[in-house]
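Subject: Handing over the two-chain model

Dear colleague,

I am passing this structure on to you, with my notes on what turned up in it set out below. Please read them with the coordinates open beside you.

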Amino acid sequence: MRKEVITSKQAISMLILFITNGTLIFPSGVEAKKDIWIAIIAAMLLGLLFSLMYSKLLSLFPGEDLYDILINLFGRFLGKLFCVIYIWFSFNIAVFIIEDFTSFITTVTLPEMNKFIIVLFPTALCAYGLKNGIEVLGRFSELIVSTLIILVLLAYLLLTPDMDIKNLMPVFEKGISPILSGTFSLFTIPFGEIIVFTALFSSIESKDDIKKSYLWGILIGGSLVLLAKVSDILTLGIERFSQYYFPNYAAVSRIQIGEFIQRIEIISGLTFTIAGLMKLCICMLSAAKGTAKVLNIKSYRFIVVPLCLLLFDASFIFNKNIIELTNWTGTLWRYYSLPFEVILPVLIFCYALIKVKMKKKPKPSRRTAKIKKG
Amino acid sequence: MKTYKYLITILLIITSTLFCSCTKSYNEIESRAFILGVGMDYDTVAKQFVISAEVVEGRQGSIGAGTASKVITGRGKSVFDAVRNMITTYGKKLYWGHAKIIIINGGLAENNIFEVLDWVNRDQEVRDDMRVLFTTKNTAKQIIETRKDENIITSTVIHDMMINQGSVSSYPKLDLWEFLYDMSTPGIEPIGALIELNSYEKGTLKIGGTAVFQGNKMKGELGETQSKTLLFIRDKISGGLININKEQTKVDSNITYEIFKSKTKIIPTYINGSVSIVVDVNTQVGVAESSEDLDFTNNATIKKLEKCLETELVEEIQTLVSQVQRQYESDIFGFGREINVHMPNEWAKLKNDWHKNFSNLDVRANVHVTITGSALTGKPLRAGDNIYEYNTCYSILYPYRLYGNKAFTKKYQTS
């Protein structure tokens, strides 16, 4: 079978969509209060650091994704155990995106809508996208990302008359600990999750492109998040910002230029939905690839539909409503995701470095390469 | 193959559009009643909320198509209960997306404004760019039922009054979100516009004055002139008139100024070692009307007028601030917020007992007025040699103006 290849531009757009999705619309990082911009920058820097690590890891084993590397490093049994852990993590993020979708649509736009319908459409689209493979996803995100950036910039440009700089002052009002807390939560929600991309970025053509895509993706995505959060707080004030479930939606609904340009908060919903769909596809692709590897299946396409059906079911089981969802993502997720996003990656990276250094002469990926081909 | 693909695409678009509309949230326009304005009262005897909503519906008839509005009322144990109970009398479900104004009874506001605003803030259909108004002299129901004839939609009239507030400035223009922002932000307290029935003309309304809040409770009212001063301090003034009486001016003339542009800075500083506030107003006005003939091209006159207006404004600001400090202990000017922004360390000390600290705050005003013009005429009307001819013409229109005029009496006494 032909190897699927994505360009670095497509990879960057995928990363931008991945990062901007939920972070734009949910009040994540609100712990840092008025200093949220410092927290975002800090989290972005941390994300850059981790992305350097991931790109190094991928370049140590050229042409292999996360699951190959895991099996390669830790052997069949332990490697597959780690694979299962990361399949679970990817799947978990995917479920939360579906949760976000349903909670957003049921609370904001269509309160009387059946949850079944809301879940059905993104899941079906996701299955369709995955069946077509990463190339299609890449092309789709390249096409859609410009729309998203233009819409976000336009919304905040129109919002400038309502902004008040006093809402961000004074800096360092509550000291350093809220900022650290905000950084922590912002790192775990969009920036730490880029571990998922290690399963995908092996499709990027050259080694240098991996690093480049990671860095640019995080920089652009992070700046969008920064812009959005700062504008939201400048418009709403931190007290009102923290009261809402969807502060971004509330902020954009303030836009009123004359009596003519108004009620365009659908921009907020649109960006969320587009980016959310992409993030869902990315996470599910990672999960599907991993499952295929663990079960020794040639092509992951075979496993896509069952996984999507599982996702469909899981979205009804995991969280019951938006209150549970915000409780989980706001307080517990950061600790829960820590092993997946920080501890295990660092461990794997160190182990990989040592192992590569020890057997410098022979090629490290004989055995798994066979599995992959076989 | 190509036609096949083409057909599939078309089919997809058609089916997707069909699916878009056929949701459960689908509504016919006739099945919903569109609310334009809402008034909220509390019936203390029955212990019920009384919500009166102005509903607008399209009308077709032999006379011509148009819109007509009617007021419907609902009662209930909570605001939402009352809103839902409207169905039991009116039949249709209400649509809140177009609601423009919300009028809240003063009694309700004095008790706990939060009872009312929570639902408005929480509900997904109600938008928070409604204008908030308060009424103390009448009930909200009376206000919303007032109309001169049946073609008038009261809510739109009130909405227009609020939109054109900029050229009157005798009441604050507040969206609901601004009110809620003031309520939730430390160091600033909410205000609201007051509305009442116009006692001079039946069937009309009058907006004027400000309701003063402390947290979620209404504390009192400010008059129209005071409201203007309040807007000066809050830097929300964009127009309006200032009347100066003859007694206050040194040039012996009643003068009306129009405010063109105004910028206020609230500067927290240390005076004598304690935190004080300097209200720095920079305003541009024009002479709009003068009861006596003055030469506005004369620089000395202009300087004198500016000086006099400055002292007048300083006095007004200081009087208002000390009155609010004494009477309401409510920081409606946002001094606390400014201290928070510019002196975070001081604010940490002051914020715990801010109401008390606010009433002891030393506030000074510093006003700078520039008179930028005097509309179309600069030279006095009656100057020069034509004074008698002019006066005789003028006397036809305004005969009373001639009495007390020295030239006039002189001329007619001699003849």
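In this predicted model, helix H1 (residues 8–25) of chain A and helix H6 (residues 177–191) of chain A have axes that come within 9 Å of each other and cross at roughly 125 degrees. H1(A) and H6(A) are therefore oblique to each other, and the residues that make the contact are Phe18(A), Ile19(A) and Thr23(A) on H1(A), with Leu186(A), Pro190(A) and Phe191(A) on H6(A). Sorted by class, the contact of H1(A) with H6(A) comprises five nonpolar residues, one polar residue and no charged residues.

A second helix pair in chain A is formed by helix H12 (residues 322–336) and helix H13 (residues 338–358), whose axes come within 6 Å and cross at roughly 25 degrees. That angle makes H12(A) roughly parallel to H13(A), because angles under 35 degrees are counted in that way. On the H12(A) side the contact is made by Trp333(A), Arg334(A), Tyr335(A) and Tyr336(A), and on the H13(A) side by Leu338(A), Pro339(A), Phe340(A) and Glu341(A); by class, the residues of this contact divide into six nonpolar, no polar and two charged.

Chain B has a helix pair to look at as well: the axes of helix H2 (residues 79–90) of chain B and helix H4 (residues 114–122) of chain B come within 9 Å and cross at roughly 65 degrees. Here Val79(B), Phe80(B) and Val83(B) of H2(B) meet Glu115(B), Val116(B) and Trp119(B) of H4(B), and the contact of H2(B) with H4(B) holds five nonpolar residues, no polar residues and one charged residue.

Turning to the interface, chain B and chain A bury about 2300 Å² between them, with 44% of that area on carbon and sulfur atoms, and the contact takes 24 residues from chain B and 26 residues from chain A. Across the interface of chain B and chain A there are four salt bridges by the rule applied, as well as seven residue pairs in polar contact, both residues being at pLDDT 80 or more. On the chain B side, helix H7 (176–184), helix H10 (335–342) and helix H11 (344–350) each supply at least two of the residues that touch chain A, and that side as a whole has eight nonpolar, nine polar and seven charged residues. The side chains of Glu338(B) and Lys166(A) meet in a salt bridge, at 2.7 Å from N to O.

Over all chains, a search of the whole structure finds 25 salt bridges. In one of them Arg131(B) pairs with Asp175(B), the closest N and O atoms being 2.7 Å apart; since Arg131(B) lies in strand S6 (residues 131–135) of chain B and Asp175(B) in the loop between H6 and H7 of chain B, the pair ties together parts that are 44 residues apart in sequence.

Two points of backbone geometry may deserve your own inspection. Most residues other than glycine have a negative phi, and most peptide bonds are trans. The peptide bond from Met169(A) to Pro170(A), however, is cis, with omega near -5 degrees, and Pro170(A) lies in the loop between helix H5 (134–159) and H6 of chain A. In chain B, Ser169(B) has a positive phi of about 60 degrees although it is not a glycine, and Ser169(B) lies in the loop between helix H6 (154–163) and H7 of chain B.

With best regards

Terms used
Residues are numbered from 1 along each chain as its sequence is written. Chains are lettered from A and ligands numbered from 1 in the order in which they are written. This is a predicted model: local features need pLDDT of at least 70, side-chain atom pairs count only at pLDDT 80 or more; totals for chains, interfaces and linings use all residues. Side-chain values use heavy atoms; hydrogens and water are left out. Axes are lines fitted to C-alpha atoms, for helices over the stretch in contact, and angles run from 0 to 180 degrees between N-to-C directions. Helices (H or I, at least four residues) and strands (E, at least two) are DSSP runs, numbered from the N terminus. Angles under 35 degrees count as roughly parallel, over 145 as roughly antiparallel, 65 to 115 as roughly perpendicular and the rest as oblique. Contact means heavy atoms within 4.5 Å. Ala, Val, Leu, Ile, Met, Phe, Trp, Tyr, Cys and Pro count as nonpolar, Asp, Glu, Lys and Arg as charged, and the others, Gly among them, as polar. Buried area is the accessible area (1.4 Å probe) that two parts lose on being put together, summed over both. A polar contact is a pair of N or O atoms within 3.5 Å; within protein, one must be able to donate a hydrogen and the other to accept it, and residues adjacent in sequence count only if both atoms are side-chain atoms.
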